[in-house]
Amino acid sequence: MKTAILKTPLGLAEIKGDEEGISEIKILEEQKETSVNIPEVLAPAVRQLNEYFAGQRQHFSLKLNPSGTEFQKKVWKALQAISFGKTMSYLELSKQLGDIKAIRAVASANGKNPLWIVVPCHRVIGSNGSLTGYAGGIHRKKWLLEHENPPVQQSLF
């Protein structure tokens, strides 16, 4: 398993993966040295994340290999279908997956997403529009949603 540490506007991100794909991207709370030499298998993820933060990428095209249950993987796949700049409620996501009663399980799977940003769990919000639950912190969720859908400057005239 190869690892790279990337500096982002939201803190340090740790990327893990191998020839089978990217298995984990997470935000770190502790300080580590950023990677100088990026392993070849992680280079596309580092490049695409940098492009995302620079406002030059709206969709990721990476080989992914997260560990999880079949249900979690089903939820994570559904998250990837939420378009850049859009949001969906946990209830809407549960309905889309075919079981409105699975809302808690969907929320739990969303919270266990091991692929920060690439599998956009930050695009899932409460039914009332609130920025509920986010493993990386609500301030990061807010930043990501504003990054993807910046407020339009109003004309004064």
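**Pockets, buried polar residues and the annotated active site**

In the predicted model, the side chain of Q48 approaches the backbone nitrogen of S61 to 2.9 Å. Q48 belongs to helix α1, which spans residues 43-53. With a relative accessibility of 2%, Q48 is classed as buried, because the cut-off for burial is under 20% relative accessible area. Once neighbours within four places in sequence are set aside, the contacts of Q48 are R57, F60, S61 and L62. S61 therefore appears both as the residue whose backbone nitrogen the Q48 side chain reaches and as a member of this contact set, where a contact denotes heavy atoms within 4.5 Å.

Q48 is one of several buried positions in α1, the others being A45, V46, L49, Y52 and F53. An α-helix has 3.6 residues a turn, so residues three or four places apart point the same way. The cover over the buried residues of α1 includes the strands β1 (2-8), β2 (11-18) and β3, together with helix α5 (138-148). Just after α1, G55 adopts a positive phi of about 80°.

Helix α1 can be set beside a domain annotation. An unreviewed UniProt entry assigns residues 2-65 to "domain: Methylguanine DNA methyltransferase ribonuclease-like". In the model, the C-alpha atoms at the two ends of residues 2-65 are 13 Å apart. This span is 17% helix and 34% strand.

A second buried side chain was examined in α5, the helix that holds E148. E148 has a relative accessible area of 6% and is buried. Beyond its neighbours within four places in sequence, E148 is in contact with Y52, F84, G85, H122 and R123. Y52 is among the buried residues of α1, and α5 is among the elements that cover the buried residues of that helix.

The loop between α4 and β5 (124-125) contains C121, the residue to which the unreviewed UniProt entry attaches the annotation "active site". C121 is buried, its relative accessible area being 7%. Leaving out neighbours within four places in sequence, the residues in contact with C121 are L79, N110, N113 and Y134. C121 also lies, with G111, N113, A135 and G136, nearest the centre of the largest pocket. N113 is thus both a contact of C121 and one of the residues nearest the pocket centre.

Rolling a probe the size of a water molecule over the atoms shows where empty space is left. The largest pocket has a volume of about 270 Å³ and a lining of 19 residues. Both β3 (21-27) and α4 (103-111) contribute at least two residues to this lining, and β3 accounts for the largest share, 4 residues. By residue class, the lining comprises 10 nonpolar, 5 polar and 4 charged residues.

The second largest pocket encloses about 170 Å³ of space. Its lining consists of 14 residues, with H59, F60, Q80, V118 and P120 nearest the centre. Of the lining residues of this second pocket, 8 are nonpolar, 5 polar and 1 charged. F60, named here as one of the residues nearest the centre, is also in contact with Q48 of α1.

Two further positions in the loop between α4 and β5 were considered, K112 and I117. K112 is partly exposed, with a relative accessible area of 48%, whereas I117 is buried at 1% relative accessibility. The side chain of K112 forms a polar contact of 3.0 Å with the side chain of S108. K112 is also in contact with Q72 and W76, neighbours within four places in sequence being left aside. The K112 and Q72 pair is separated by 40 residues in sequence, while the C-alpha atoms of the two residues are 8.0 Å apart in space.

The backbone of I117 was examined in addition to its accessibility. Most residues other than glycine have a negative phi, and most peptide bonds are trans. I117 has a positive phi of about 70° although it is not a glycine. The positive phi of about 80° noted just after α1, by contrast, belongs to G55.

Conventions. Residues are numbered from 1 along each chain as its sequence is written. Side-chain values use heavy atoms; hydrogens and water are left out. On a 1 Å grid over the protein atoms alone, a cavity is a set of points where a 1.4 Å probe fits but cannot get out, and a pocket is an open set with protein on both sides within 12 Å along at least five of seven lines; lining residues have an atom within 4 Å of a point. Grid points are joined across faces, edges and corners, and a volume is the space filled by probe spheres set on the points. Ala, Val, Leu, Ile, Met, Phe, Trp, Tyr, Cys and Pro count as nonpolar, Asp, Glu, Lys and Arg as charged, and the others, Gly among them, as polar. UniProt positions are given in the numbering used here, feature names are shortened, and annotations may be inferred rather than shown by experiment. Buried means under 20% relative accessible area, exposed over 50%, partly exposed in between (1.4 Å probe, protein chains only). A polar contact is a pair of N or O atoms within 3.5 Å; within protein, one must be able to donate a hydrogen and the other to accept it, and residues adjacent in sequence count only if both atoms are side-chain atoms.
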